[in-house]
Amino acid sequence: MFVLDPEGTILALNTKAAKIFGYSRQELEGRSVAVLLPPRYRNKYLKTGLMPKMQGNRVCMGVCKDGREIPLGVSFAECKTETGPKIAGTIADISQRRQLLAKYRKLAARFKLLLETSPTILYAIRMSEPPICTYVSDNIQRLLGYDGQKILKDPKFWQQNLHPEDRRR
């Protein structure tokens, strides 16, 4: 957690926030928040100020004491105090979340390729009365000529298109 003045001076922060950047609390308190911004953003920040930008939630890049850049999830809001406006916020290193998301996307793409190239149509049916198809692989179009989206929208599709001998099962 951070508390900043309108000029971006770090008035207070918790140990965890300082640790994200590789600093101690004492090293950051009293310094400009610009020290935590990558050099390519510092000049723009110093020219335009902080208050208009630091409202709401956002993802941005931060720079650690050792010069490494890290993705951050940031949430800031203006607070009115007896000594004037302040900016209070939370900050989190989202590096691990981004890595997991990249792995997920890669696995999802592999799974989709597997489904699309499979010689078998995969589907899921909710066993209700009537049974409702909740998923059908896209390769149904290539293999049988049916539009998968139409199948999902038509609750009677399976009943109407199932071979008579298979209906009893």
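This report walks through the strands, a helix, the cysteines and one loop residue of a predicted model.

## The sheet as a whole

Let's start with the sheet. Its 5 strands make up an open sheet, and the order across it is β2-β1-β5-β4-β3, with antiparallel pairing. At the edges sit β2 (10–13) and β3, each of which pairs on one side only. From one strand to the next, the twist averages 30°.

As you look along any strand, keep one rule of thumb in mind: in a regular strand, side chains alternate between the two faces of the sheet.

## How the strands pair

Strand β1 (residues 2–4) pairs with strand β5 (residues 84–93) in the antiparallel sense, over 3 bridges. Here you can find L4 standing opposite I87 in β5.

On its way across the sheet, β5 also meets β4, and these two pair in the antiparallel sense over 10 bridges. One residue to look for is L72, whose bridge partner in β5 is D93. The two strands form a hairpin with 2 residues between them.

Next come β3 and β4, which run antiparallel and are joined by 8 bridges. V59 stands opposite G73 in β4. This pair is a hairpin too, with 5 residues between the strands, and G67 in its turn has a positive phi of about 95°.

## A helix across the sheet

Helix α4 (residues 95–117) lies across β3, β4 and β5. Relative to β4, helix α4 runs at about 130°.

## A closer look at R68

R68 belongs to the loop between β3 (56–63) and β4 (69–81). Is this residue buried or exposed? R68 counts as partly exposed because its relative accessibility is 46%, and the partly exposed class lies between under 20% for buried and over 50% for exposed.

Setting aside neighbours within four places in sequence, R68 is in contact with G62 and V63. R68 and G22 are 46 residues apart along the chain, and their C-alpha atoms are separated by 9.9 Å.

## The cysteines

How many disulfides does the structure hold? The count is 0. C64 is in no disulfide, and the nearest cysteine sulfur, that of C60, is 12 Å away. C79 is in no disulfide either; for C79 the nearest cysteine sulfur is again that of C60, 18 Å away.

As for their surroundings, C64 is buried because its relative accessible area is 4%, which falls under the 20% cut-off. C79, with a relative accessible area of 30%, is partly exposed.

Technical notes
Residues numbered from 1 in each chain as written. Predicted model: local features only at pLDDT ≥ 70, side-chain atom pairs only at ≥ 80, totals over all residues. Heavy atoms only, no water. Helix = DSSP H or I, 4+ residues; strand = E, 2+ residues; numbered from the N terminus. Buried < 20%, exposed > 50% of the residue type's maximum accessible area, 1.4 Å probe, protein only. Contact = heavy atoms within 4.5 Å. Pairing = 2+ DSSP bridges. Axes fitted to C-alpha atoms, helices over the stretch in contact; angles between N-to-C directions. Disulfide = S-S within 2.5 Å.
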